[in-house]
Amino acid sequence: MTNAQDAMHQAQQVVDQATTTVQSQTTSTNQATHNANIAKQTVATAQSQVGAKQADYDGLTVDSLKKEQATAQQLVNQTQAAQSAAQANVTAANNQVTNTQDAANKAAQTATSAQQTTADAQAKQTAAQTEADKANAAKDEAKQNNDAAISQQNQAQKDLDNLDAGKLTQQANETQTAIDQGKQNISDTQQSLSQTTTNKANADKDVANKTTTATTANNAVSQAQNSVNSATTAQNNAQTTLNQRQQAVADLQSQLAAMPTLKVDKAAWEKAVNGLVPADQIAAMTDAEYDEYEKKWNAYCQSFFETTYSNNQFSSSKQDIDTKFTNINQLTKAQYEELANYALNIINQARNIWRGDNNELKTQSVDMEAAKEIAKAYSDANVNIKDTPTHLSSIVNSIASKYHVGIGSGVGAYTWMNEQLGETAINNVIKVNGTISLAEIKEQLVTDLELMLFGDGGLNSWGHFYTLMGGNKDASSYPNQYYMGIAFDKYGHLHVTARSTANIGGTTPDTTPIASAPTVTQLKQSLATAQNAQNTAQINLNNAKASLTTANATLATARQDATSAQSALNAAKTKQTQLASQMTALNNKLANLKTKLANDTTSLAKIKSELANLADAQAAQQKVLDNAKARVQATSATLATATANANAKTAALKSASQTLSAAKQVQAIAEGNAQSAANTAKEAVGKAQHAVEALTNANQHVVAAKAQLSAITDKLNNFASLKQHSLNELTSAQELLSTAKTQLKQANDVLNTQQQKLDVANHSLDAAKLALDKATQFVNQRQAEYDAAKAHLSKLDHADETLAAAKAALEAAKVQLTTSQTDYQTAKENAANAQQELTDAQTVAADADQAYTHAQKVLQTLELQASLEVPTVTEKPQQSVDTVTEAVVDEAQADSVSDTPSAIDQTVVTTATANVAATGHNTAKTENVAPSLTRLTPHMPAHSTTAGTLPQTGEASENRLAVLGLTLLSLLLSGLTLGRVTSKRRIH
């Protein structure tokens, strides 16, 4: 029994070993199936690339480019004509504003001058009136004196003639009558004088009031003039503010124009990434259907990338263009942070579009320091990824450990850092031009990022894309917060790092966020604010101009009021002077009347005396007559002089009055012209504002048209290079297709072999299970027989015979055991054979590693030879190894590094760049050409080449060593005879 049980246990072990072998072989077969599918997909992608490259090559002609150039030139001419017309309109409008404003100012000055002329004419007329009044008063006085002298002469003659008793008596009577009348006249004159004095007092008050009014009016003129001065200053200040606001808007527009704003068709993007049809439809396809589908899918991906790349043309600001470097190491910390923010802006726009949430990449100081240290390690080790497309994984791991950054949290956290590499033409630009601008550095950066985001399909399986997006949306790590850093090594190549968490196994040095840059949204908000401020400034300027116009009108009105007040004051003063003259005349008249009364009284006494002394009176009267005659002569001369003077003053007054009337007419016309000119100036300001807006739009159209023309002209100028580049890409695509077909055949051969081995292992497992079942059944039967025999042994009459039968049965069991042992040995040999096959596969892997090491040495030797051939500045550097060989080397390199549960090698897309060596600008379309490497390098212990999964996507990694190791050396050696081809690496 014991031997039978041992045999059963041994059979069980054989079954277990056979099961393990089947499981191991199933894994190998599945891997081979996966490799065959990948190879099939590669063939389809390569076939699609050949078709796309052939179409690109055929469609790239000088005629087509010239037609595009002619159309673009026509558009430039049209926009420039519109710009010139708009500029002419602005110039004309500005000139009109200046002319109308000058005309308004001149009209206002003319009105002011006319008002002053009127005021001067009024003053002269008033003065002439005063002089005329004085002259007339003097004339009247002289006339009165002359009349009085004549009257006295006549009276003296009459008195002499009347010196007789009768006449004297009559004279006495008449004189008495005159005395009585004189007394009455004195009384009347005194009353007139009293009324005139009252009128004079009223006139004095009126003059005082009108003087106050004139003073007030003059003060109003001063205030209005001050208002004009203030309004002029306000207008100048408003113009200065508007200029500043316009400059601020222009600066923000320049920044916004230089800020990339992604324009992506999300539906097309999803189709490019996820496929054109569901997965179940793909699984149901025949090989021919799948080949056709792959062509369409890859063509679709290529078309999507080209469209997206075309829709997101690079633009830069003047400040970035003017910022120059002679060495990439001259970038400051602030400039690095600016570049990081620039990259974050692009990536986070893409994440927002793809993910539809606000989970954005961020950058902290530790990320910039880690990226800088990694780039320095490449520089110190003299590793140029263009020549050696590899990752310094151990250094990346050590830096992740040094800075305590990684992924996960709690017990499951581990240090980890993702590194992606991008080739640039930075050093080539510096070599050719002596300098490189910040704008050109940004252009290199955005090109690499667009490739990773939108051109990562085909052989790359969108690996970079998923890394930048945070993985597959179904992955548990999808919601995690990720951080990135960037740096350039001494070769000018880009290093992008990523990690999730910090403070793993220690404290992370500095998790301070870098200084943030304004986003597109923030710039648009700032631009809207600046435009509102500009509009407000324009409104303020218009208001200031209107205020100035109003102030000038107010000044003109104030001056008119001042002129009117002065005229009223002058009229009041004239009346005051006239009343004063009347008072003087009345006082003189009163004095004369009193004198006459006294004289008449004296005459009466004299007449009475003469009556008494007639003879003596006659003699005396003769003397009076003589004196009267002399007085008449004197007063006549005075009257003649006064009359002439009065006539002259009257003529002057007439002339002054005519001048005043004409001045008032001129003033009215000038004030009307000033108001009309002010209105015209206001209308001109509005027209100028509309013209400026039209010019701004025209300028934007010209810039866009010139950019389009420049791009087409660059293509036409570099047509030979572009055509050669297109031919190179077509040739490379054809070579890749040939290689892919060879690899597909090899992968199918390996799959068939692995399937056969699996069938053998399954057969061995079935045999072992059958042997185990038989052994188990035999042991159970013998155990039952033994137990029954033992229980009834004492009851048997023929114990010896029963014992003998039992022994015979035991011997039969031993025979059966021997048979089972033979079956076991057969199963064991089968298991050993399967184990040997596994060992052989591992040996193949080791051979592949050795082959890869040898391939690296061969590649370095070939590249050293190629470096001795210096390309011209109009050609791209060449490598001496076929891109087919590069693809195999890359895949071998990818599989020679142990995968981990969170690390996988990804083949990625590269871009072909026309004339980069000469200009540093990417002027050619990007294509999926030669594969290269991207390494996600976690700091974890490595293990054997078994499948792992990505933390971002949850997808299985691959091991293609069994396929690649068998063909690597022959492909490398065959590459020596294929000549030199252009290297098209871009991102790794």
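**Arginine 355 and the pairing of helices H3 and H14**

The side chain of arginine 355 forms a polar contact, at 3.2 Å, with the side chain of aspartate 357; a polar contact is a pair of N or O atoms within 3.5 Å, where within protein one must be able to donate a hydrogen and the other to accept it, and residues adjacent in sequence count only if both atoms are side-chain atoms. This is a predicted model, in which local features need pLDDT of at least 70 and side-chain atom pairs count only at pLDDT 80 or more, while totals for chains, interfaces and linings use all residues. Residues are numbered from 1 along each chain as its sequence is written, and side-chain values use heavy atoms, with hydrogens and water left out.

Arginine 355 belongs to helix H8 (residues 333-355); helices are DSSP runs (H or I, at least four residues), numbered from the N terminus. Its relative accessibility of 12% makes arginine 355 buried, a class defined as under 20% relative accessible area, with exposed over 50% and partly exposed in between (1.4 Å probe, protein chains only). Beyond neighbours within four places in sequence, arginine 355 contacts Met469, Gly470, Tyr478 and Pro479, contact meaning heavy atoms within 4.5 Å.

Glutamine 184, in helix H3 (residues 165-258), is partly exposed at 42% relative accessible area. Its C-alpha atom lies 9.7 Å from that of leucine 593, 409 residues away along the chain.

H3 packs against helix H14 (residues 520-612) at about 170°, the axes being 3 Å apart; axes are lines fitted to C-alpha atoms, for helices over the stretch in contact, and angles run from 0 to 180 degrees between N-to-C directions. The two helices, H3 and H14, are therefore roughly antiparallel, the term for angles over 145 degrees.

Methods. Parallel < 35°, antiparallel > 145°, perpendicular 65-115°, else oblique.
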